[in-house]
Each structure stands twice: as structure tokens, then as C-alpha cells.
Amino acid sequence: MLNNTLKHLDALVGFDTRNPPRAIGTGGIFDYLRANLPGFRIDVVDHGAGAVSLLAVRGQTPRLFNVHLDTVPSSPAWTADPLKLRVTGDRAIGLGACDIKGAAACLLAAAENSSGPAAFLFSTDEEANDARCIDAFLKTDHGFREVIVAEPTLAEAVLAHRGIVSVRMLFKGQAGHASNANAMELSALHQAMRWGGKALDHVGALSHLRFGGMTGLRFNIGRVEGGIKANMIAPSAEVRFGFRPLPSQNFDALHADFRGFADSGALAEYEETFRGPPLPSGDVANAENRRLEARDLADALAMPIGNAVDFWTEASLFSAAGLTTLVYGPGDIAQAHTADEWVALDQLAAVANTYQRIFG
């Protein structure tokens, strides 16, 4: 199984599916999937902007496995060609090997070495924060009741994770000479920094909140841009920030808090640019019931259960649509998006064998 998995991973890593630039079509990696899924009914859909999905079904099953094939761009810090798989004594190194072409290779190897019912949904827009593939699939009469999303979880079933929100804020000021006494108030950058201080203090005050082993609110100011030079008052400033709520936290209430920390006269725009729900979805009571249903699924499939995680996955989109959903795949999220990204060989072997047992 490991040799077969590495054969497929070598091929999958060789296809350039970096996102951006979102230059992914219905050929290339999808031709490879078609050729290596004999006996499956295949349906490929191009959703535009590099978002392509492939649904492969063999037999009748209520359970769907989901894998995204797009990767983040490679950084200059890679020590070798990121699109060429390297296998050492204990790991496979290549762009997407951990996040999450390793899981895709496990599914192909397991399908190749089994004959039972199986269903896969491959997609290419997860790294774009633009879930066209999953959204379009969920609007179809698909007939599935359970979903396993194959993100890296150290080969343990993850039943809960945070939601994710991205925001763009625009502050307005009044241009002028920096020697003016009112420069402290007129600068859009000063207003942005005051907002940032209040926001950081607020996040610190929420550290006592808990759900499923997770605590507090994750928050990050990712980009601040504005101003012209040191002796000029900044007439505008843009802030990009994100937060990752617990399943029990209200997204809209958090937006109201963060918006309220800005001076109303200085805030020109406040725009949510992306929202991903938590896993499981629903209010506190409903979310806990969903988590218990996912635990029962993991137990039925003899998957070891791991801790809740802070990173976001598209599993939450399936959960929000009412499907019992968990996350299970090879690799450690600490390796995802890194230079010389890698996945452990024993993780690939363990997950491929689990998939094969399920499809058997």
C-alpha cells in the first residue's frame, strides 16, 4: 500500500495546482484521476476561476470522502524543486504532500486495492477562500449522509474546529503636515493603531471561553497599509485582519464588537471578505449533538479520535448543510504551507490502510 501511495503522490505533486494563480483546468491532474479510478462513475465540473471538481462514485454508499487538490504557492525558501517528490527514510517531501495530496494518493491506492463502494469529491479552490466547488455540490441532490474531509490530522478523527472570518477595514484621515498639533487625531494610521490596541485587548479578555478542548478566540492583524511618508499625515489606511471563533461564538456579535472599536468618524468601510463556519455547525446545544454523531461515525469506522484543532477546513461547510462530518487524513498541520513541506511515511501507510479497510 505504501509503495502504491507513493507512486500516486509522486504523480500528483508533479501537477502544478498552485492557488493562486488559480490556473487550473479540467485536464492535467484530472486526467490522471480519471485514468486511475477505473470502475468509478466520473463527473467533472468547471466552476470557473480555477475551481474544478471531480465526483467519483463506485457502487452505492452514504459516505463521501473530500480532498482538495490545490496548494498554496511555493516560497523561495524551498531547497529543491517543489513539484518533484523526494522520499527520504521517513518522509515524502513535495508541495502539497501534507496539505493534502498525500490524502488523495491514499484514496487512489485504497481504491486500487479494494472493490467495495466508495465515493470521492476532489476540488481545487480550498486555498482560494472561495468554496465554489463544495457550495455547488451541496446544492445538488447528492444523496450522501456522511462526509470525511481528508485534511492532515495525524491519522486521527477530528470532530471539531474553529470557524474563520476575514475582514477588510478602511480608515479615513485628513492629509496635512505632520507638525500640526492635530496630527494625532487626523492620521488614518493612528486611528487604525488605536483600533488595533482595543481589538487585541478584547481578544485577550475572551481567553476564558471554551469548547471541545479549544479555548479563547484566535485573532490576527495580517496587514496594515497606508500613509505616504513620515512627515505627512496619513489620509487613509487599510487593515486586513481575521478571527477564528469557537463553535459556540456568534460571528455577527464579534463583528459588532470589532467594528465598534473604531472611531465612527474615522471608519470608512468595514467588509467581511470570507466566512467559514465552525465544525460542528449550529448553536451550542446543536453543535454538541453534531459532535457526538461524528464521534459515533469515527467509532464505527474504528478511527482513533484526536483533539479539536484551531485550523479551519471545508468540513464545516458539509456540517452546516446537515451532514455528519469529521476530518481525518495523514500528516501534521505544522508542515502545511511550509518550505520543504512533508508528510511522514508511516502516516501515509496508516491512512491508506484505513481507507482500504473501509472500501473493502
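Here are some exercises on the structure above, each with a worked solution.

Before you start: this is a predicted model, where local features need pLDDT of at least 70, side-chain atom pairs count only at pLDDT 80 or more, and totals for chains, interfaces and linings use all residues. Residues are numbered from 1 along each chain as its sequence is written, and side-chain values use heavy atoms, with hydrogens and water left out.

**Exercise 1: the whole chain**

Work out which radius of gyration a compact globule with 360 residues would have, and set the chain's value beside it.

*Solution.* Step one is the rule: 2.2 Å times the number of residues to the power 0.38, with the radius of gyration taken over C-alpha atoms. Step two: for 360 residues this gives a value near 21 Å, and the chain has 23 Å, so the two agree. Step three, look at the extent: the C-alpha trace spans about 75 × 45 × 40 Å along its principal axes. Last, count the elements: there are ten helices and 15 strands, which are DSSP runs numbered from the N terminus (helices: H or I, at least four residues; strands: E, at least two).

**Exercise 2: inside and outside**

Find what share of the chain's 360 residues counts as buried.

*Solution.* Start with the cut-offs: buried is under 20% relative accessible area, exposed is over 50%, and partly exposed is in between (1.4 Å probe, protein chains only). By that rule, 51% of the residues are buried. Next, the surface: the chain exposes about 15000 Å², and carbon and sulfur atoms supply 50% of that. These areas come from the Shrake-Rupley method with a 1.4 Å probe, and for residues only the protein chains shown count as cover.

**Exercise 3: two ends of a strand**

Take Ser123 and Ala118 in strand β6, and list what each one touches.

*Solution.* First, place them: β6 covers residues 118–123 and holds Ser123, and Ala118 lies in β6 too. Second, check the burial: Ser123 counts as buried because its relative accessibility is 0%, and Ala118 is buried as well, with 2%. Third, go through the contacts (heavy atoms within 4.5 Å). Skipping neighbours within four places in sequence, Ser123 touches Val52, Ser53, Asn66, Val67, His68, Leu69, Asp70, Cys133 and Glu314. With the same neighbours skipped, Ala118 touches Phe40, Ala56, Val57, Arg58, Thr61 and Phe359. Now zoom out: of the chain's contacts between residues at least 6 apart in sequence, 79% join residues at least 24 apart.

**Exercise 4: backbone oddities**

Find where the chain has cis peptide bonds and where residues other than glycine have a positive phi.

*Solution.* Begin with the usual case: most residues other than glycine have a negative phi, and most peptide bonds are trans. Now the cis bonds. One joins Pro20 and Pro21, with omega about 20°, and Pro21 is in the loop between α1 (2–14) and α2 (29–35). Another runs from Leu279 to Pro280, with omega near -5°; Pro280 is in the loop between β13 (267–276) and α8 (284–300).

Then the positive phi values. Ala49 has phi near 55° and is in the loop between β1 (41–46) and β2 (52–58). Ala49 counts as partly exposed because its relative accessibility is 37%. His337 has phi near 70° and is in the loop between β14 (324–327) and β15 (342–344). At 47% relative accessible area, His337 is partly exposed.

**Exercise 5: aromatic rings**

How many aromatic pairs does a search of the whole structure find?

*Solution.* Step one, the rule: rings of Phe, Tyr and Trp (its six-membered ring) pair if their centres lie within 6.5 Å; planes under 30 degrees apart are stacked, over 60 edge-to-face, and the rest tilted. Step two, the count: the search finds 20 pairs. Step three, one of them: Phe65 and Tyr355 are edge-to-face, 5.3 Å centre to centre with 75° between the planes. This pair links distant parts of the chain, as Phe65 in β3 (residues 63–68) and Tyr355 in α10 (residues 345–359) are 290 residues apart. Phe65 is buried at 2%, and Tyr355 is buried at 0%.

Another pair is Phe241 and Phe243, which is stacked: 6.3 Å centre to centre, 25° between the planes. Finally, one aromatic cluster is formed by Phe40, Phe65, Phe120, Phe122, Tyr328, Tyr355 and Phe359.
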